[in-house]
Amino acid sequence: MKWITRERPKIDRLACPWLIRRFLDASAEILYVPEAQVLDKAKELDAIPFDIPGVEYSHYEDRCTFDYFLEKYRLTEPALQTMALIVRGADTDDHSLAAQSAGLWAISHGMSFNISDDHELLEKAMVLYDGLYSWAKHLQKQKHTTEPTEQLFLQVYHKYLQEKKENQQKVPAWALHLKEIIQDQIDTNLALNLKEISEALDVHPAYVSRVFSKYFDNLSFGEYIRKLRIEKALSLLHTSGYSLAEVAYLTGFSDQSHFTRIFRQHMGQSPSEYRKNLLKK
């Protein structure tokens with residue numbers, strides 16, 4: 001079987017191939033191509049597309065593509081269900097889902113930064129996810145600390161975290177869905193219109209605009225979108241050879257001048273200066 005997705009994988013596009021090769025088809029071929037080519041190449045190569053909007057194997061509600069594979073193929077092993085929470089937390093940036101999610105996110109992004117070849121990255125990630133699976137299956141109950149005082153401290157700390165979580169206001173479903181829509185549209189470079197998105201969610205645009213910052217890092221809609229675009233631009237500057245004009249286009253800015261101005265506001269230097277400093281390193 002051939003499976004195809006967009007290039008420069010981070011979380012889902014590494015976790016899902018691991019799952020495919022370990023539990024569905026050990027000889028599966030995984031293809032990474034530019035996002036705009038995924039569907040055409042899928043038809044040309046008779047490959048199954050995954051982790052892109054509009055295909056079967058993708059995100060749904062608050063779940064990620066890894067979750068869908070588990071449900072689709074009825075993979076109910078407890079270790080895989082544990083991994084699903086970790087992967088989902090890392091992939092959707094909700095690190096409260098599992099204590100290991102933030103670590104997986106950091107390691108995955110660091111590996112992507114260091115390894116420019118997607119297939120080499122996947123081979124390294126296979127080892128990473130083998131280790132995570134072994135931990136989830138055999139080692140979850142092992143504790144790093146053994147001293148009684150350390151155990152007491154951990155108990156108090158976990159109780160504090162649990163009480164804090166219970167006291168926090170639950171994020172409404174529409175906000176979770178909105179975050180997913182925004183991320184998908186940022187990834188696919190589609191235009192973003194809060195009024196249209198709100199209406200699609202069946203929530204009044206004025207209400208969404210008024211409470212948006214409460215659920216999105218204390219930022220307004222425009223500030224949050226600019227933050228995501230700058231984060232995407234940083235990733236492209238680190239991992240691609242695109243020109244600044246191409247980076248500006250791929251991150252949704254009107255032109256290179258607009259991109260440079262916003263980038264400087266966020267980073268304290270222009271994109272060209274930032275790239276030159278990267279090369280020096």
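A residue counts as buried when its relative accessible area is under 20%, as exposed when that area is over 50%, and as partly exposed in between. Keep these cut-offs at hand, for the tour uses them at most stops. The model on screen is a predicted one.

**Stop 1: R63 and D62**

Select R63 first. Its relative accessibility is 32%, so R63 counts as partly exposed. Now add D62, which has a relative accessible area of 39% and is partly exposed as well. R63 and D62 form a salt bridge, with 3.5 Å between the closest N and O atoms. Under the rule used here, the model has 15 salt bridges.

**Stop 2: D51 and R13**

Next, select D51 and R13. The two form a salt bridge in which the closest N and O atoms are 3.4 Å apart. This pair links distant parts of the chain, 38 residues apart. D51 is in the loop between β3 (48-49) and α3 (65-72), while R13 belongs to helix α1 (residues 12-24). Are D51 and R13 buried or exposed? Both D51 and R13 are buried.

Add R6 to the selection. Through salt bridges that share partners, R6, R13 and D51 are joined into one network.

**Stop 3: E123 and R21**

Stay with helix α1, but move to R21, then select E123. The side chains of E123 and R21 meet in a salt bridge, at 3.0 Å from N to O. Which helices do they belong to? E123 lies in helix α6 (residues 118-139) and R21 in helix α1, so the salt bridge ties together parts that are 102 residues apart in sequence.

Compare the surroundings of the two side chains. E123 has a relative accessible area of 45%, so E123 is partly exposed. R21 has a relative accessibility of 19% and therefore counts as buried, the cut-off being 20%.

**Stop 4: the whole of α1**

Colour all of helix α1. How many of the 13 residues of α1 are buried? Ten of them are, so α1 is largely enclosed by the rest of the structure. The buried residues are D12, R13, L14, A15, C16, P17, W18, L19, I20 and R21. To see what covers them, show the elements around the helix. These include the strands β1 (2-6) and β2 (29-33). Helices α3, α4 (78-91) and α6 are also among the covering elements.

**Stop 5: C16 and C64**

Within α1, pick out C16, one of the buried residues of this helix. The relative accessible area of C16 is 0%, so C16 is buried. Then select C64, which is also buried at 0%. How many disulfides does the model have? The count is zero. For C16, the nearest cysteine sulfur is that of C64, 6.7 Å away, and C16 is in no disulfide. Likewise, C64 is in no disulfide, and its nearest cysteine sulfur is that of C16. A disulfide needs the two sulfur atoms within 2.5 Å, which is why this pair does not count as one.

**Stop 6: α11 and α14**

Finally, leave α1 and show helix α11 (residues 221-239) with helix α14 (residues 271-280). Their axes come within 10 Å and cross at roughly 40 degrees. The two helices are therefore oblique to each other. The crossing of α11 past α14 is right-handed.

Show the side chains where these helices meet. On α11, select L234, L236, L237 and H238. On α14, the residues they meet are Y274, R275 and L278.

Technical notes
Residues numbered from 1 in each chain as written. Predicted model: local features only at pLDDT ≥ 70, side-chain atom pairs only at ≥ 80, totals over all residues. Heavy atoms only, no water. Salt bridge = Lys/Arg side-chain N within 4 Å of Asp/Glu carboxyl O. Helix = DSSP H or I, 4+ residues; strand = E, 2+ residues; numbered from the N terminus. Buried < 20%, exposed > 50% of the residue type's maximum accessible area, 1.4 Å probe, protein only. Axes fitted to C-alpha atoms, helices over the stretch in contact; angles between N-to-C directions. Parallel < 35°, antiparallel > 145°, perpendicular 65-115°, else oblique. Left-handed = near helix turned anticlockwise from the far one by under 90°. Contact = heavy atoms within 4.5 Å.
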